[in-house]
Amino acid sequence: MTSVLNVDSIAAKDGTSPVELTKQSAAKAWINFEASTPATRDSFNHSAITDNGTGNFTLNFSSAFASADRSSTTCSGYRTTAIAYEMCTKNTPTTTAQEVWLYYSLNGSVNDTPGDNMMTSQGDLA
Amino acid sequence: MASILKVDDLRGNTSAGDITITSEGGAATQSLQHGLNKCWLNFESDITTPAIRDSLNVSSLDDIGTGRYRVNYSNNFNAAKEYAGGGMTVRGGNSKGAFVALDSQGNINFATNGTSISVTRSDNTLADQDIVSMLLTGDLA
């Protein structure tokens, strides 16, 4: 017989510590945004985007990570008939934000063209 | 002694799709469902017919052309373009490094039931690769 548990919140047995997901891990933040405005389409654990200039943004987290040494994966832009765009993370992550750059993959020029830009972050929260 | 709860199906009580968990450091609470990976895929494309090695929530993979594919989901996302993805490739034996991006020339682009992706090499050409992987997060329907 299938067992079903209905619950609003899960914590460790002390009532406050985080519960362990056996051999599993959940993403702690993700965002989908378009670059020209910029504007967030949807997100989880992200606050407002900081526009630093053409092709350069700071993606801020609502709840801070415990360490800047998290894993962030990106997927950016799109492939047209002729060209593709990439988004990469800058090597200065903090616990509260991640700076990213958008660029044209062939020559590395920065731009705000890509309409679909995404980042997912994994790690422990503070 | 550690307590272990064994259960087959976990649901929110107030809302079936919303269970709150505490952060590792105890400073925040988050939704468990929002953070779970909803789709991942590892496939080989430098062969005649692209072959899925392993996946979650992927029903099929269509070969649109060199370096271009459509990924079809088993369970739909709740809204088009409102989920996030990341991808990577490992170069094949004769290939250069490459990356995964959405494909505006494909038949769908981040729709609720699937998406078109492309693999572009560092010289800006489309390419089939030995290992192509993709990870999606967001909300399912």
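Is B:Asn72 buried, partly exposed or exposed, and how many other C-beta atoms lie within 10 Å? In this predicted model, B:Asn72 has 15 other C-beta atoms within 10 Å and is therefore classed as partly exposed, since burial requires 20 or more such atoms and exposure 12 or fewer.

The residue belongs to strand β7 of chain B, which covers residues 68-73. When residues up to four places away in sequence are left aside, the contacts of B:Asn72 are made with B:Val58, B:Ser59 and B:Ser60, and also with B:Asn113 and B:Gly114. One of these partners, B:Ser60, lies 12 residues from B:Asn72 along the chain, and the C-alpha atoms of the two are separated by 5.3 Å.

Turning to chain A, the secondary structure comprises 11 strands and zero helices, so that β follows β from the N terminus through the whole order of elements. The radius of gyration of chain A is 18 Å, well over the 14 Å given by the globule rule for 126 residues, and the chain is therefore more spread out than a compact globule. The C-alpha trace of chain A spans about 55 × 35 × 25 Å along its principal axes.

Of the 126 residues in chain A, 33% are buried. Among the contacts in chain A with a separation of 6 or more, 51% are accounted for by residues 24 or more positions apart.

Note on methods
Residues are numbered from 1 along each chain as its sequence is written. Chains are lettered from A and ligands numbered from 1 in the order in which they are written. This is a predicted model: local features need pLDDT of at least 70, side-chain atom pairs count only at pLDDT 80 or more; totals for chains, interfaces and linings use all residues. Helices (H or I, at least four residues) and strands (E, at least two) are DSSP runs, numbered from the N terminus. The radius of gyration is taken over C-alpha atoms; the globule rule is 2.2 Å times the number of residues to the power 0.38. Two residues are in contact if their C-beta atoms, placed from the backbone, lie within 7 Å.
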